[in-house]
Amino acid sequence: MTAVAGRVTDGRTAPAPPRADTGDTADTADTADTADTADTAGTAGPAWPPRLADGLELLGEFKDSGYSRPPSLIRRADGQVIQMSPLLYQVTCRIDGFRGPDAIASLVSADLGRALNAEQVRYLITAKLLPLGVVAARGVARALPKANPLFSLRARGTLLPERVVNLVGAFLRPLFRWPVIVAVVGSVLAVDYWLFAVQGLGGGIGQVLRDPVELLVVLGLSLVSAVFHECGHAAGCRYGGARPGRIGVGIYLVWPSFFTDVTDSYRLGRAGRLRTDLGGLYFNLIFMLALACVYAATSAQVLLLVIAVTHLEMLDQLLPFVRFDGYFILSDFVGVPDLFARVAPIVKSALPAGRRDPRVAGMRRGARIVVTGWVLCVIPLLLVTMGYLLLHLPAFDRALWRSARTQSHLMSAAVAGHHYALAGVDAIGAVLVILPLAGSLYISARLARRVITLARRWSAGRRARRVQAATGILACLTALATFWTVQGQFRSW
């Protein structure tokens, strides 16, 4: 399994590269037209006259969005992107540290063509903008709300800092000119025809079977391909006029993953965002052409195998059901960021007694149809996958544990025989087995925590509901443990 790439507004991953997205967005409570002026309980008030928080950046309207009334976007210094209604955004734009509520109300009223008074501005600043960290607060700094999206990248670290990434992106930017794109795509089609219809992969597979150490070459080149994939996201972002952030590595689900912070691409239109999304896959094509050129000079059959593996990684990347490139391509195509955040609103709106959620009602008809179709596909897929994992979790982990022990023994034997390259292959094999073992336990723990949190929220302040929730959870755990025992999944560890 190779590390994969991803574009991040939030994070990218490896086996099949997900893109660390351009920064997760958090929806705000949209507008507030009433004039309650009481400060939010338990929070420090804003400084008066109000001023914007340090490092806040106004990204402007979300172009080509899937909403009937396009939201506007801002980005805090910590990278969190926030969606705002036009009213809140205009109020934010008029805050400069000198104007008071009366002056801001006058300017915003002229901007929007609707009457707004000082009390309403004061309410919006105190109850809406201050809790989101948009305006500076008096007194002690407090923790700001951040989006915690489903299936997001965790434990992220920096591989290349922002300054280096922008230099690389600027250098590689000419590769997105149309004559170059046409030449690359045409050349890859020719190479693929020759490789799969004429040459075949028998030589590369045979070379790896005869000398397993060649797997290190495949793994090393796959890692280089993954990093180059991330450079494609950065270069695509730079070509459109936005500035990419860092390239880093984190953990996505259970696998190490590279990511590129392309949050700034939110300021681009649909074409610019899609160019950023597809830039990684496009650079995979360029990498395959480079491998084909090296093969022409060296006749190293293992390079053809790497080309085939890169094709599989690209197909994986196009899956739209987890945060791979395909997910972000679909999201940017319909103009609705963070599709996973729309799952619960769409399900609730579909229930007979469900109230239509504004996050669904505000979408354009075409976007709503596409997102609803995606939800109808992703829910059964995730339920079946997670259900099967839970039902067979001890058996999976037992098999993985046995495989890890076998790889460890093989590594020890290789070291004892002074076959250090082969020992390296076995060590990598052991790590790749341990990662899904640890990941399955981590996912199960997070799922249990989420269920408990939902149950506590549902039963808060109601003793009868609390008893029902506890009884239901206990019954499910008992049934699951009974199934595991009857299936013999605890034996032969």
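Does R76 count as buried or exposed, going by its relative accessibility?

**Solution.** Start with the model. It is predicted: local features need pLDDT of at least 70, side-chain atom pairs count only at pLDDT 80 or more, and totals for chains, interfaces and linings use all residues. Residues are numbered from 1 along each chain as its sequence is written, and side-chain values use heavy atoms, with hydrogens and water left out.
- Take the cut-offs: buried is under 20% relative accessible area, exposed is over 50%, and partly exposed lies in between (1.4 Å probe, protein chains only).
- Take the value: R76 has a relative accessibility of 4%.
- Conclude: R76 counts as buried.

**Exercise: a partner for R76.** Find the residue that forms a salt bridge with R76, and classify its exposure.

**Solution.**
- Recall the idea: side chains of opposite charge can pair when their charged atoms come close.
- Apply the rule: a salt bridge needs a side-chain nitrogen of Lys or Arg within 4 Å of a carboxyl oxygen of Asp or Glu.
- The partner of R76 is D78, and their closest N and O atoms are 2.8 Å apart.
- D78 has 38% relative accessibility, so it counts as partly exposed.

**Exercise: a salt-bridge network.** Which residues are linked with E57 in a network of salt bridges?

**Solution.**
- Know the total: the structure holds ten salt bridges.
- E57 pairs with R75, with the closest N and O atoms 2.6 Å apart.
- This pair joins distant parts of the chain: E57 is in strand β3 (residues 57-61) and R75 is in strand β4 (residues 72-75), 18 residues apart. Helices (H or I, at least four residues) and strands (E, at least two) are DSSP runs, numbered from the N terminus.
- E57 is partly exposed because its relative accessible area is 27%. R75 has 15%, so R75 is buried.
- R267 forms a salt bridge with D264; here the closest N and O atoms are 2.9 Å apart.
- R267 is partly exposed at 23%, while D264 is buried at 6%.
- Put it together: E57, R75, D264 and R267 are linked in one network.

**Exercise: aromatic pairs.** How many aromatic pairs are there? Then describe F176 with Y282, and W484 with F490.

**Solution.**
- Set the rule: rings of Phe, Tyr and Trp (its six-membered ring) pair if their centres lie within 6.5 Å; planes under 30 degrees apart are stacked, over 60 edge-to-face, and the rest tilted.
- By this rule the count is 15 aromatic pairs.
- F176 and Y282 make a tilted pair, 5.3 Å centre to centre, with 55° between the planes.
- This pair links distant parts of the chain: F176 lies in the loop between α4 (162-172) and α5 (178-199), and Y282 in helix α8 (residues 270-298), 106 residues apart.
- F176 is buried at 6%. Y282 is buried at 8%.
- W484 and F490 make an edge-to-face pair, 6.0 Å centre to centre, with 80° between the planes.
- W484 is buried at 15%, but F490 is partly exposed at 48%.
- Look wider: F176, F228, Y239, Y282, F283 and F287 form one aromatic cluster.

**Exercise: the positive patch.** Which helix gives the most to the positive patch?

**Solution.**
- Patch residues have over 30% relative accessible area and no salt bridge; like charges are joined within 9 Å, nonpolar side chains (Val, Leu, Ile, Met, Phe, Trp, Tyr) within 5 Å.
- Areas come from the Shrake-Rupley method with a 1.4 Å probe; for residues, only the protein chains shown count as cover.
- Lys and Arg count as positive, Asp and Glu as negative; His and the chain ends are not counted. The charge is placed at NZ of Lys, CZ of Arg, CG of Asp or CD of Glu.
- The surface patch gathers K348, R446, R449, R450 and R457.
- Helix α15 (residues 420-459) gives the most, with four residues.
- R457 is in helix α15. R457 is exposed, at 60% relative accessible area.

**Exercise: phi angles.** What is phi near in D64, and in H418?

**Solution.**
- Most residues other than glycine have a negative phi.
- D64 has a positive phi, near 55°. D64 sits in the loop between β3 and β4.
- H418 has a positive phi, near 60°. H418 sits in the loop between α14 (393-416) and α15.
- D64 is partly exposed at 39%, whereas H418 is exposed at 58%.
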